[in-house]
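Reader: Hi! I've got a new model open and would love to talk through it with you. Can we go through a few spots together?
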Amino acid sequence: MFEKTYLDFKTFLKHNLQYKRWNVKLRTISSIMTVEKGRFLYEFDGGGFELKEGESVFLPIGSSYSYKVTTNECLCHQIMFNICDENGPLKLADLPVKSTNGNVAELMKEIVKQGSGFGFVNNFKLTADVYSVLSLFFERVKDSREELQIYNALKIIEERYNEQISVSYLAEVTALSQSQLRRLFQKEIGMSPVEYKNHLRIKKATEMLLYSGQTVCEISQSLGYKNPFVFSRVFKQEKGLSPSEFRKLG
């Protein structure tokens with residue numbers, strides 16, 4: 001992929017991100033960013049992902065997306081550059097690509113340190129390290145496309161967690177089989193789709209128990225549980241207390 005190319009470096013940054021929300025209509029230079037502290041939410045046509053501590057994103061030239069910082073503090077390592085051949089800058093992807101590979105994060109710290117330092121810069125090592133990072137990213141392109149597919153399922157669950165949503169429906173809207181959907185949820189979220197929906201319901205239930213005057217039965221119904229006993233059982237499995245016990249302690 002990277003034969004007969006060269007890197008045109010622009011900027012090396014270690015910074016606290018100032019802009020909490022930003023829309024990029026058409027990116028004019030490629031960038032790689034690693035999060036040292038904080039979290040981002042990236043969104044673009046066809047999907048999106050969350051980026052958290054130790055994770056990295058490749059932002060290709062020509063891409064369009066938006067992001068928002070979801071934490072108070074956000075410390076990042078970032079480089080801006082173009083990878084070029086004899087015809088000019090290359091577009092390596094259409095959309096942002098995420099990497100959870102810890103080797104990317106470690107290399108990025110070293111790259112930013114090298115590139116932003118004073119005095120002699122070992123350009124050969126710098127170039128080799130950036131190519132290494134790019135190679136790690138583009139081993140993951142297939143996985144990133146799969147992440148985009150479950151992002152649509154995540155949005156449906158997060159917006160409609162109080163409804164009865166079947167795994168077969170989620171599989172249909174994401175163009176995955178049910179087994180693929182469950183496997184990717186377990187890989188990316190650490191839960192099955194049903195467990196994730198229940199997790200969101202219980203998270204909302206804790207807020208309602210603490211800050212609303214609704215009864216346990218009313219909360220159960222508003223969250224989509226047909227039977228309050230099922231709600232109480234699921235709540236206790238996650239919190240270790242019944243809803244009534246949780247409310248008394250709160």
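Reader: Let's start with Gly 38. Which residues does Gly 38 touch, leaving out those up to four places away in sequence?
Author: Happy to help! Gly 38 is in contact with Leu 51, Lys 52 and Glu 53, and also with Thr 71, Glu 73 and Cys 74. Keep in mind that this is a predicted model.
Reader: Good to know. Is Gly 38 buried or exposed?
Author: Its relative accessible area is 4%, so Gly 38 counts as buried, the cut-off being under 20%.
Reader: And where is the place of Gly 38?
Author: Gly 38 sits in the loop between E3 and strand E4 (40-44).
Reader: How far apart are Gly 38 and Thr 174 in space?
Author: They are 29 Å apart, C-alpha to C-alpha, with their positions 136 residues apart in sequence.
Reader: OK, on to E3 itself. How many of its residues are buried?
Author: Six of the eight residues in strand E3 (residues 30-37) are buried, so the strand is mostly covered.
Reader: Which strands does E3 pair with?
Author: One of them is strand E8 (residues 75-85), which pairs with E3 in the antiparallel sense over seven bridges. Strand E6 (residues 56-59) is also antiparallel to E3, and four bridges join them.
Reader: Can you give me partners to click on?
Author: Sure! For E8, look at Ser 30, whose bridge partner is Phe 81. For E6, Ile 32 has Phe 58 as its bridge partner.
Reader: Changing topic: what is the nearest side chain of opposite charge to Lys 197?
Author: That is Glu 163, 9.0 Å away. Lys 197 is buried and has no salt bridge; the cut-off for one is 4 Å, so a distance of 9.0 Å does not qualify.
Reader: Where does Lys 197 sit, and what does it touch?
Author: Lys 197 belongs to helix H6 (residues 193-211). Leaving out residues up to four places away in sequence, Lys 197 touches Ile 157, Tyr 161, Glu 163, Gln 164 and Ile 165.
Reader: Last one, the largest nonpolar core. Which residues touch the most other members?
Author: In that core of 28 residues, they are Leu 170, Leu 181, Phe 185, Ile 219, Leu 223, Phe 231 and Phe 235.
Reader: Which element gives the most to this core?
Author: H6 does, with six residues.
Reader: Anything besides that core?
Author: Yes, there is a second, separate core of 23 residues, and Leu 7, Phe 9, Ile 83 and Phe 137 are among them.

Terms used: Residues numbered from 1 in each chain as written. Predicted model: local features only at pLDDT ≥ 70, side-chain atom pairs only at ≥ 80, totals over all residues. Heavy atoms only, no water. Buried < 20%, exposed > 50% of the residue type's maximum accessible area, 1.4 Å probe, protein only. Helix = DSSP H or I, 4+ residues; strand = E, 2+ residues; numbered from the N terminus. Pairing = 2+ DSSP bridges. Lys, Arg positive; Asp, Glu negative; His and termini not counted. Contact = heavy atoms within 4.5 Å. Core = buried A, V, L, I, M, F, W, Y, C linked by side-chain atoms within 4.5 Å.
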